[in-house]
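Subject: Structure handover and notes

Dear colleague,

Here is the structure I promised to pass on, together with the sequence. My notes follow directly below it.

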Amino acid sequence: MRKLTVSLFGLLLAVFLTPAVQAQVIYDSTTTPLPGNLPSVGAQAYAFNEIGDAVTFTGTARSPKTVTVTMSSWGCQSGAWFSADCVTTPGATFSVPITLNIYNAGSPTPGALIASTTQTFAIPYRPSTDSINCTGGRWYDAGSSTCFNGLAHNITFDLSSLNVLLPNSAVVGIVYDTTSYGPNPIGTGVPCFSTTAGCPYDSLNVALSSSVATGSKPYAQTLYWNNFYAANYCDNGLAGTGSFRLDSPTSACWYATAPGVDDYIPALKITAYTIATNAAACKNGGWQSLSRAGGSSFKNQGDCIQYVNTGK
């Protein structure tokens, strides 16, 4: 009995001492450090069902671990940002299911869906109106001495259990429901709709940054979205509405100040593992930067080769 107990303890110890390989950043257009807020577009305000971007990855890691998306929250617990009477208890949040889709690259519409996950996130309400330091109902960020309408906040999707491999380029899409938009609009028959604050998901936006730090963006000054109104597309709906497509390859207009300067880019950060698939790659110390599916590391070269050959 004692030998069995010791053996079981040793097995458990080995499992817990097997560290995860450090995932590599293969694409990053987020802003670090995160400012109080960023430019943004919301599903309810801009009438879209899905928004995202085409991305090209750096390096060789292609087994996704996480995708971080910067959101911008303009909702208040009571009152509203536009009426200068926003009141929020510090730390208060609301829950929103958000879907992340990853597609094969394609233009003007993406290719086949590679992976999809829906996760529920606790989104912070924006802070209360500061009428002493700010005008227009904005909140005050003491760290930067700046007033903002919305609050930037990162959400992170865990993709490590999906067991998929990414191509070198892909299209990423973000989806969530609001009162009028999303795959399943929530409608007006919910308690929050009749309050002065309204429903917080209607004031939830996807943040836009201005540059790509890691990887690249194949289509400058444009992004992908599924929008209800033709006028919201750079091409005025010439290539159609109501489908997730590039807006637009010929008349791109998503720039902050002038064409070619400070593109408006969905703020995304994607990390991935390099999975061991070739025994030769395990040799000469290569096993130390490779992993099993899910990110767990190898004990040595032989362990890596055994995984390639047997999947165990």
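The buried residues of helix α4 are covered in part by α3 (279-282), which is included among the elements that lie over them. As this is a predicted model, please read everything that follows as a description of computed coordinates. Helix α4 runs over residues 301-310, and within this helix D303, C304 and Y307 are buried. Seen down the axis of α4, these buried residues fall within an arc of 100 degrees, so they line one face of the helix. The general background is that an α-helix has 3.6 residues a turn, so residues three or four places apart point the same way. At the start of α4, N300 places a side-chain oxygen within 3.2 Å of the backbone nitrogen of G302, and after the helix comes G311, which has a positive phi, near 80 degrees.

To set this helix in its surroundings, the protein chain contains four helices and 17 strands, and its C-alpha trace spans about 70 × 50 × 40 Å along the principal axes. Of its 312 residues, 45% count as buried. When contacts between residues at least 6 apart in sequence are considered, 71% of them join residues that are at least 24 apart.

The sheet

Six of the strands form an open sheet, in which the order is β6-β5-β10-β3-β12-β13 and the pairing is antiparallel. The edges are taken by β6 (113-124) and β13 (245-247), each of which has a single partner strand, so one side of each is left without a neighbour in the sheet. From one strand to the next, the twist averages 30 degrees.

Starting from the β6 edge, strand β5 (residues 93-104) pairs with β6 in the antiparallel sense over 11 bridges, and in this pairing T93 stands opposite P124 of β6. Strand β5 is also joined to β10, again antiparallel, by six bridges, with L100 standing opposite I174 in β10. On β10 there is a further pairing, since strand β3 (residues 48-56) runs antiparallel to it and is joined to it by six bridges; here I51 is the residue that stands opposite I174. I174 of β10 therefore faces L100 in one pairing and I51 in the other.

How much of β10 is covered? Strand β10 (residues 169-175) is mostly covered, in that six of its seven residues are buried.

The disulfides

How many disulfides does the count give? The count comes to five disulfides, and when the bonded cysteines of the protein chain are numbered in sequence order, the pairing is 1-2, 3-4, 5-6, 7-8, 9-10. I describe three of them below, with their geometry and the burial of their cysteines.

C76 and C86 are joined by a disulfide with an S to S distance of 2.2 Å. This link is left-handed, with -115 degrees about the S-S bond. C76 and C86 both lie in the loop between β4 (63-73) and β5, 10 residues apart. With a relative accessible area of 4%, C76 is buried, and C86 is likewise buried, with a relative accessible area of 2%.

C192 and C199 form another disulfide, with an S to S distance of 2.0 Å. The torsion about its S-S bond is about 90 degrees, so this disulfide is right-handed. C199 is buried, at a relative accessible area of 3%.

The sulfur atoms of C234 and C253 lie 2.1 Å apart and form a disulfide. Here the torsion about the S-S bond is about -85 degrees, so the disulfide is left-handed. The two cysteines are 19 residues apart, with C234 in the loop between β12 (223-227) and β13, and C253 in the loop between β13 and β14 (255-258). Is each of these cysteines buried or partly exposed? C234 is buried, with a relative accessible area of 13%, whereas C253 is partly exposed, with a relative accessible area of 38%. The cut-off behind this reading is that a residue is buried when its relative accessible area is under 20%.

With best wishes

Note on methods:
Residues are numbered from 1 along each chain as its sequence is written. Side-chain values use heavy atoms; hydrogens and water are left out. Buried means under 20% relative accessible area, exposed over 50%, partly exposed in between (1.4 Å probe, protein chains only). The arc is that of the directions from the helix axis to the C-beta atoms. Contact means heavy atoms within 4.5 Å. A polar contact is a pair of N or O atoms within 3.5 Å; within protein, one must be able to donate a hydrogen and the other to accept it, and residues adjacent in sequence count only if both atoms are side-chain atoms. Two strands pair if DSSP finds at least two bridges between them. Axes are lines fitted to C-alpha atoms, for helices over the stretch in contact, and angles run from 0 to 180 degrees between N-to-C directions. A disulfide is a pair of cysteine sulfur atoms within 2.5 Å.
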